[in-house]
Amino acid sequence: MSGFDFNKILRPHLRDFQAYSSARTEFRGKAEVFLDANENPYQSVGGGYFNRYPDSSNFAVRSKIAEYRKVSVDNVVVANGSDELIDLLVRAFCDPGKDKILICPPTYPMFKTTAVLNNVGVTEIPLNTKFQLDTAQIFEAIDENTKLIFINSPNNPTGNLIHSDDIKLLLNGFHGLIVIDEAYIDFADTNSWINLIDHYPNLYVIQTMSKAWGMAGLRLGLGFGSTDVSGILQKIKPPYNINSVSNNWAIKAFDLIGEKYQMVELMRSERLKLQQTLRELPFVEKVYDSDANFVLVKVKNADKLYNFLLNQGIVVRNRSKLPLCENSLRICVGNSEENRKLFKALREYKD
Ligand SMILES: Cc1ncc(COP(=O)(O)O)c(C=O)c1O
């Protein structure tokens with residue numbers, strides 16, 4: 001057992017924290033006239049009814065997500081992108097100047113950025129050469145101030161899933177919270193860790209509507225964990241973190257989930273074409289397998305290729321400065337027209 005104790009890892013000043021409360025969250029019953037929130041009673045400038053504050057509990061959208069994910073609404077938090085969830089987790093559990101998170105680079109940079117912003121320490125234990133966790137080193141590196149371990153699976157920028165046996169080892173042996181960021185899970189052939197939140201009280205799973213759902217502009221991050229962890233995040237989040245448009249759109253999207261499956265299939269077939277095309281190019285040294293909507297590729301000279309593509313009006317991500325990613329570019333799967341332009345440019349490139 002991990003010896004996980006929610007009250008031990010929660011920042012002490014949050015034990016009796018009273019969340020911001022509005023008249024509308026306090027009031028029970030029916031009303032027709034709302035004069036409690038200093039809102040404007042008229043239509044918004046430009047038309048539309050955005051004059052009212054959204055529901056600060058996000059109850060309707062959380063219920064919809066809970067139904068879809070087969071968990072209780074009390075296990076679900078929605079945030080302004082999963083980046084906000086990362087920030088809420090750090091602020092709930094890590095005392096600035098004292099506590100630490102642990103990350104395994106190369107991985108999603110916002111884990112570190114968020115910790116640094118909050119004056120929280122960062123222990124970095126690089127992935128091994130197969131882009132998997134070095135669990136022995138991780139266990140050696142953690143101490144009583146290590147509160148959170150962030151794992152990204154499928155991992156950005158490498159694209160691979162992290163072995164579930166290694167994650168289970170950490171879940172069973174770590175006293176803090178294991179956060180699994182599943183931003184790209186819809187593109188993989190595997191189950192979400194959400195199915196195990198009842199089994200592991202120290203498991204927290206983050207997903208997003210920015211990738212497979214095609215809704216990055218609406219900023220919707222989804223968090224799943226025990227009622228204790230979800231409860232504190234729900235308490236400390238900004239009251240109106242989900243705007244009315246995103247809120248209503250998300251509820252609608254869950255009724256149209258077939259569209260998401262179709263887009264995912266399309267992107268997976270474009271991913272295959274991208275990998276095949278890359279593998280045929282003489283300057284490509286390695287095309288990594290991918291369970292995400294991007295592909296990491298090692299080339300002879302990444303800076304040169306990156307600049308060549310820029311000159312063709314094509315922006316990819318140069319990840320060469322990250323550990324284990326020397327001369328590597330991360331290329332996102334575009335639509336067939338975008339990919340056609342990319343393939344043409346790649347075939348014209350001379351090393
Ligand atoms: C692993 C990972 N997590 C989270 C995010 C950000 O998600 P969101 O748009 O929900 O903030 C990204 C974006 O690229 C990502 O790669």
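A residue is counted as near a molecule when its C-beta atom, placed from the backbone, lies within 6 Å of that molecule. In this predicted model, that rule identifies the surroundings of the ligand: G81, S82, D83, Y108, N152, N156, D181, A183, T208, S210, A216 and G221. Sorted by class, this shell holds three nonpolar, seven polar and two charged residues.

The next element to consider is the sheet. Strands of a sheet pair through backbone hydrogen bonds, and they do so in either a parallel or an antiparallel manner. Here, seven strands form an open sheet with mixed pairing, and their order is β1-β7-β6-β5-β4-β2-β3. Two of them, β1 (76-79) and β3 (121-124), have a single partner strand each and stand at the edges, so one side of each lacks a neighbour in the sheet. On average, neighbouring strands of this sheet are turned by 25 degrees against each other, with direction ignored.

One end of the strand order deserves a slower look. The edge strand β1 pairs with β7 (residues 221-224) in the antiparallel sense, over four bridges. Within this pairing, V76 stands opposite F224 in β7. Strand β7 also runs antiparallel to β6, and four bridges join these two strands as well. There, I206 is placed opposite G223 of β7.

Are the residues on the two faces of β7 buried or exposed? G221 and G223 on one side are buried, as are L222 and F224 on the other, and both faces of the strand are thus covered. G221 has already appeared among the residues around the ligand. A helix also belongs to this part of the picture: α8 (residues 227-236) lies across β1, β5 (177-181), β6 (203-208) and β7. The direction of helix α8 makes an angle of about 30 degrees with β1. D181, another residue around the ligand, falls at the end of the range given for β5, and T208, also listed there, falls at the end of the range given for β6.

Finally, the view may be widened to the chain. Its domain assignment gives domain 1, made of 6-18 + 55-255, and domain 2, covering 259-348. The C-alpha centres of these two domains lie 27 Å apart. Their contact takes 21 residues from domain 1 and 20 residues from domain 2. On the side of domain 1 that touches domain 2, there are 13 nonpolar, six polar and two charged residues.

Definitions and conventions
Residues are numbered from 1 along each chain as its sequence is written. This is a predicted model: local features need pLDDT of at least 70, side-chain atom pairs count only at pLDDT 80 or more; totals for chains, interfaces and linings use all residues. Ala, Val, Leu, Ile, Met, Phe, Trp, Tyr, Cys and Pro count as nonpolar, Asp, Glu, Lys and Arg as charged, and the others, Gly among them, as polar. Two strands pair if DSSP finds at least two bridges between them. Axes are lines fitted to C-alpha atoms, for helices over the stretch in contact, and angles run from 0 to 180 degrees between N-to-C directions. Two residues are in contact if their C-beta atoms, placed from the backbone, lie within 7 Å. A residue is buried if 20 or more other C-beta atoms lie within 10 Å of its own, exposed if 12 or fewer, and partly exposed in between; C-beta atoms are placed from the backbone. Domain bounds come from an automatic or database domain assignment.
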